[in-house]
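Trainee: Could we go through this protein together? I would like to learn how to read such a picture.

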Amino acid sequence: MNLLLIIVIIVAVLLLITGGFVQSLQFLLYVGLFLVAVAVIAFLFRAISGRRK
C-alpha cells in the first residue's frame with residue numbers, strides 16, 4: 001500500500017476519534033469520513049488498475 005494512503009488513513013482515524021469525543025468539533029467527524037472514503041477509492045482504483053510498483 002502506498003505510504004500516502006497509510007498516512008491518510010491514520011489521519012482519518014484520528015479525526016474520527018477526535019470528532020467522536022469532542023462535540024464542539026463535530027465537523028472533524030465528517031472530515032474523517034471524507035478522508036476514509038478518499039483512501040478507500042484510491043486503494044480500489046490502484047487494486048483494479050493492476051499497476052504494480
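**Reading the chain**

Trainee: What is the relative accessible area of S49?
Mentor: In this predicted model, S49 has a relative accessible area of 36%, so S49 counts as partly exposed. That value falls between the cut-offs of 20% for buried and 50% for exposed.

Trainee: Where is S49 found?
Mentor: S49 belongs to helix α2, which covers residues 27-49.

Trainee: Which backbone oxygen lies 3.2 Å from a polar atom of the side chain of S49?
Mentor: That oxygen belongs to R46.

Trainee: And what follows α2?
Mentor: G50 follows the helix, and its phi is positive, near 75°.

Trainee: How far apart are the end C-alpha atoms of helix α2?
Mentor: They are 33 Å apart. The helix has 23 residues, and at 1.5 Å a residue its expected span is also 33 Å, so the two values agree. The calculation multiplies 1.5 Å by one less than the number of residues.

Trainee: Which residues in α2 are buried?
Mentor: L28, G32 and A39 are buried there.

Trainee: What about L35, then: where is it found?
Mentor: L35 also sits in helix α2. Its relative accessible area is 21%, so L35 is partly exposed, given that buried means under 20%.

Trainee: Which residues does L35 touch, leaving out those up to four places away in sequence?
Mentor: L35 touches V8, V11, A12 and L15. In addition, the C-alpha atoms of L35 and I9 are 7.2 Å apart in space, although 26 residues separate the two in sequence.

Trainee: How far apart in space are L29 and A12?
Mentor: Their C-alpha atoms are 8.8 Å apart, with a separation of 17 residues in sequence. L29 lies in helix α2, and it counts as partly exposed because its relative accessibility is 27%.

Trainee: You mentioned V11. Where is its place?
Mentor: V11 is in helix α1, which runs over residues 3-21. With a relative accessible area of 35%, V11 is partly exposed.

Trainee: Which residues form a nonpolar patch on the surface?
Mentor: V11 does so with L3, I6, I7, I10 and L14. Together these residues have about 530 Å² of accessible area.

Trainee: Changing topic to the whole protein: how many helices and strands are there?
Mentor: The secondary structure consists of 2 helices and 0 strands.

Trainee: How many residues does the protein have, and what percentage count as buried?
Mentor: There are 53 residues, and 13% of them count as buried.

Trainee: Lastly, what is the accessible surface of the protein?
Mentor: It comes to about 4,300 Å², and carbon and sulfur atoms account for 77% of that surface.

Note on methods:
Residues numbered from 1 in each chain as written. Predicted model: local features only at pLDDT ≥ 70, side-chain atom pairs only at ≥ 80, totals over all residues. Heavy atoms only, no water. Helix = DSSP H or I, 4+ residues; strand = E, 2+ residues; numbered from the N terminus. Buried < 20%, exposed > 50% of the residue type's maximum accessible area, 1.4 Å probe, protein only. Polar contact = N/O pair within 3.5 Å; in protein donor to acceptor, adjacent residues only side chain to side chain. Patch = residues over 30% accessible without salt bridge, like charges linked within 9 Å, V, L, I, M, F, W, Y side chains within 5 Å. Areas by Shrake-Rupley, 256 points an atom, 1.4 Å probe, with all protein chains shown as cover. Salt bridge = Lys/Arg side-chain N within 4 Å of Asp/Glu carboxyl O. Contact = heavy atoms within 4.5 Å.
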